[in-house]
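This report looks at cysteines, aromatic rings, charges over rings and one glycine, in the order in which they can be followed on the display below.

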Amino acid sequence: MFTGIVEAVGTLEAMTAHGRGYEIIVKTPSSFLLKQRVKLGDSIANNGVCLTVTRMSGDCFYADVSAETVAHTAFCDYKRGCAVNLELACTPSTHLGGHIVQGHVDGVGTVVKKQTLDEAYDIYIRAPQDILRYIAKKGSIAVNGVSLTVNDIENDVFRLTLIPHTQNTVDFSGFEPGSKVNLEVDVLARYLERLIEAKSEKKTQSSGISMSTLIKNGFV
């Protein structure tokens, strides 16, 4: 599990094809303290994609990207030298500064517009149809592994605002019109939907979860 609070920006040093997948090498900055904090088998979110560390050499770690991951993320567009947002998996004592992120990308969005607002930016992203119902105004979404707030949504496009602090600590260099980005919706929205579906499938039962129960107890 992750929080969507990026710890460092790495560089994709190599991307070697293995069948329909890849073995990648990511170089981490010294501030990431790779050798001190990471061991083989640990999970690291790479632009929001949870990958397992298979080897380490100096400030670099190796990871395998499966064909399934390539097919459902923006990894298919990545090239040597591109920047990668990095976050280590949570521990029980981790400060939850963002929201619950699993590192399981739900879909690939497309940046449609970037608008300057003084020192901030508004980014407009078109989301795939099958995840639109999980995106809500003022709700959370992970974009390339970064926990962000949805400021507005109209049809299939949602708007984010990147403040100067976020711009300085996370890689958004590729956020230009036409860029592909990894999207992961708030997992709580998926569980909420499933709870309501389960209730509707068992209408004859006297107990269970209903929309009125969720509202009464402050979940909605």
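## Aromatic pairs

In this predicted model, the count of aromatic pairs comes to 2. One of them joins Phe75 and Tyr78, whose ring centres lie 4.7 Å apart with 55 degrees between the planes, so the pair is classed as tilted; this angle falls in the range left between stacked, under 30 degrees, and edge-to-face, over 60. Phe75 and Tyr78 are both buried.

Phe172 and Phe175 also form an aromatic pair, with a centre-to-centre separation of 4.6 Å and an angle of 80 degrees between the planes, and this arrangement is edge-to-face. Phe172 has a relative accessible area of 9% and is therefore buried, and Phe175, with a relative accessible area of 2%, is likewise buried.

## Charges over rings

Two tyrosine rings can be examined together with a charged side chain. The charged end of Arg55 sits over the ring of Tyr62, at 4.0 Å from the ring centre, while that of Lys113 sits over the ring of Tyr124, at 4.4 Å from the centre of that ring.

## Cysteines

How many disulfides does a search of the whole structure find? The search returns 0 disulfides. Cys60 takes part in no disulfide, and the cysteine sulfur nearest to its own, that of Cys82, is 14 Å away; because a disulfide requires the two sulfur atoms to be within 2.5 Å, that separation does not qualify. Cys82 is also in no disulfide, and for Cys82 the nearest cysteine sulfur is that of Cys76, at 12 Å.

Is Cys60 buried or exposed? Its relative accessible area is 14%, and because the limit for a buried residue is under 20%, Cys60 counts as buried.

## The surroundings of Gly21

Gly21 belongs to strand β2, which covers residues 21–27. With a relative accessibility of 6%, Gly21 counts as buried, since that value satisfies the limit of under 20%.

Which residues is Gly21 in contact with, once its neighbours within four places in sequence are left aside? The contacts are with Thr16, Val65, Ser66, Ala67 and Val70. For one of these residues, Val65, a backbone distance is also available: the C-alpha atoms of Gly21 and Val65 are separated by 5.5 Å, although the two residues are 44 residues apart along the chain.

Key:
Residues are numbered from 1 along each chain as its sequence is written. This is a predicted model: local features need pLDDT of at least 70, side-chain atom pairs count only at pLDDT 80 or more; totals for chains, interfaces and linings use all residues. Side-chain values use heavy atoms; hydrogens and water are left out. Buried means under 20% relative accessible area, exposed over 50%, partly exposed in between (1.4 Å probe, protein chains only). Rings of Phe, Tyr and Trp (its six-membered ring) pair if their centres lie within 6.5 Å; planes under 30 degrees apart count as stacked, over 60 as edge-to-face and the rest as tilted. A charge sits over a ring if NZ of Lys or CZ of Arg is within 6 Å of the ring centre and within 35 degrees of the ring normal. Helices (H or I, at least four residues) and strands (E, at least two) are DSSP runs, numbered from the N terminus. Contact means heavy atoms within 4.5 Å.
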